Amino acid sequence: MTDATRLVSTWFDGHSPRAQACELRIERGELVLTVDGHERRYPVRQVRWAERRSHGQRQSELPDGSLIQHAEAGEWDAWRQASGQRDGVVVGWMQSWRATLVAMGATVLFLAAAWTWGVPWLSQTLAQQVPRSLEARLGEQGMRQLDRLFLQPSALPAQHQEALRARFKLAVERAYPQGEAPAWQLSFHRSKALGANAFALPGGYIVITDELVKLLADQPDALTGVLAHELGHVHHRHGLDLMVRASLVSALVGVVLGDASGFLATVPATLATQSYSRDAERAADAFAARLLDQSGVSPSVMVAFFERIQREEKPARQDRDGEEDSALPIAISSHPDHAERIRFFREWKAESARP
Ligand SMILES: [Zn+2]
């Protein structure tokens, strides 16, 4: 037996328990089995090939119900390989429920890892690559949607709006005398849905509600701090990160389910359904504290804001009775780390914030 593509093996005809010597070879997609000088031919794809296990004999079933048994696993595998029959391994694997479970487990693990580490890392990286012009367009589009869904025109007098805007502008200019602060534009809106609130969109669109202006009427510095927090989200591109993440997730879902069509269309709505991570909130708080400090205002002015917004949120939540806590998760909110955030602003020191 020098020809590796021929194998002497044992055959059972399926009727009698008598083992018969046979010779096997593969020829043009057919298994050729020779017994007593007679050839039998079977299409390779109709053979249920032996599962590839590490030990034990190899047993393959033929379409006519007969059987090949080969005691030497290594010899069998070598013959299969020499005959160019690699698919048998795959077919064997697919027939094995253990292998199927392993494959499913590996897929789940891969997706979990992609979800936990891959998606956040990739979205942060991509969010930093988005050109300013696209960022501005996304912000504009998001602004239009949110305006339609949640916002009404402000009832604040124009002079009042202008005074608050000027105050914030001055603080930014003091903190960033070289003009290196991110671009921003502030608009005032009334909002039944959001109540006392503020949020920022990509491209520097910052919105503050009349309700929040009233809540902090005697605390204009705290109001500046809230706007600085929102500018922090703009600076770190957190809104963009959310958008990119949502498109990655739906792309991932699209790959898994085989349909990725139209996932981009839902991107602006993301801002209404996703919320910033705690890390993102901390980064925006740190940005706000630094900006306040560098503009000559103590970051502790923010304590009043957090205390009031929490008082405001509690009864509102009970009133709404089972409805969602906030209609807009990216909007500012005192929870979940209310006490921690108060402590952060109260105890903030310029030295400790600089690496
Ligand atoms: Zn925030």
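Here are four short exercises, with worked solutions, on a predicted model.

**Exercise 1. Find out how helix α7 packs against helix α10, and which residues make the contact.**

Start with the geometry. Two packed helices are described by the angle between their axes and the distance between the axes. For α7 (residues 220–235) and α10 (residues 278–294), the angle is about 125 degrees and the axes are 7 Å apart.

Next, put a word to that angle. Angles of 65 to 115 degrees count as roughly perpendicular and those over 145 as roughly antiparallel, and α7 and α10 are therefore oblique to each other. The crossing of α7 past α10 is right-handed.

Now look at the residues. On the α7 side, the contact uses Thr-224, Gly-225, Ala-228, His-229, Leu-231, Gly-232, His-233 and His-235. On the α10 side you will find Ala-283, Ala-284, Asp-285, Phe-287, Ala-288, Leu-291 and Leu-292. Sorted by type, the α7–α10 contact has eight nonpolar residues, six polar ones and one charged one.

**Exercise 2. Do the same for helix α5 and α7.**

Geometry comes up again: the axes of α5 (residues 158–175) and α7 come within 10 Å and cross at roughly 65 degrees. The two helices are therefore roughly perpendicular to each other. Here too, the crossing is right-handed, with α5 passing α7.

From α5, Leu-164, Arg-167, Phe-168 and Ala-171 meet Pro-220, Leu-223, Thr-224, Leu-227 and Ala-228 of α7. The tally for this contact is seven nonpolar, one polar and one charged.

**Exercise 3. Locate the largest nonpolar core and the residues that touch the most other members.**

A useful background point: in soluble globular proteins, nonpolar side chains tend to be buried together.

In this model the largest nonpolar core has 49 residues. Those touching the most other members are Ala-198, Ile-208, Leu-227, Ala-228, Ala-288 and Leu-291. Helix α7 gives this core its largest share, seven residues.

Take Leu-227 as a close-up. Leaving out residues up to four places away in sequence, Leu-227 touches Phe-168, Leu-186, Ala-198, Ile-206 and Ile-208.

Finally, another core of 11 residues lies apart from the largest one, and its members include Leu-24, Leu-31, Trp-49 and Trp-76.

**Exercise 4. Decide whether Gln-46 is buried or exposed.**

First place the residue: Gln-46 sits in the loop between β4 (38–43) and β5 (58–61).

Then count neighbours. Gln-46 has 12 other C-beta atoms within 10 Å. A residue with 12 or fewer counts as exposed, so Gln-46 is exposed.

As a last step, check a partner in space: Gln-46 and Leu-62 are 16 residues apart in sequence, and their C-alpha atoms are 7.2 Å apart.

Definitions and conventions:
Residues are numbered from 1 along each chain as its sequence is written. This is a predicted model: local features need pLDDT of at least 70, side-chain atom pairs count only at pLDDT 80 or more; totals for chains, interfaces and linings use all residues. Axes are lines fitted to C-alpha atoms, for helices over the stretch in contact, and angles run from 0 to 180 degrees between N-to-C directions. Helices (H or I, at least four residues) and strands (E, at least two) are DSSP runs, numbered from the N terminus. Angles under 35 degrees count as roughly parallel, over 145 as roughly antiparallel, 65 to 115 as roughly perpendicular and the rest as oblique. A crossing is left-handed if the near helix is turned anticlockwise from the far one by less than a right angle, and right-handed if clockwise. Two residues are in contact if their C-beta atoms, placed from the backbone, lie within 7 Å. Ala, Val, Leu, Ile, Met, Phe, Trp, Tyr, Cys and Pro count as nonpolar, Asp, Glu, Lys and Arg as charged, and the others, Gly among them, as polar. A nonpolar core is a set of buried Ala, Val, Leu, Ile, Met, Phe, Trp, Tyr and Cys residues joined through C-beta atoms within 7 Å. A residue is buried if 20 or more other C-beta atoms lie within 10 Å of its own, exposed if 12 or fewer, and partly exposed in between; C-beta atoms are placed from the backbone.
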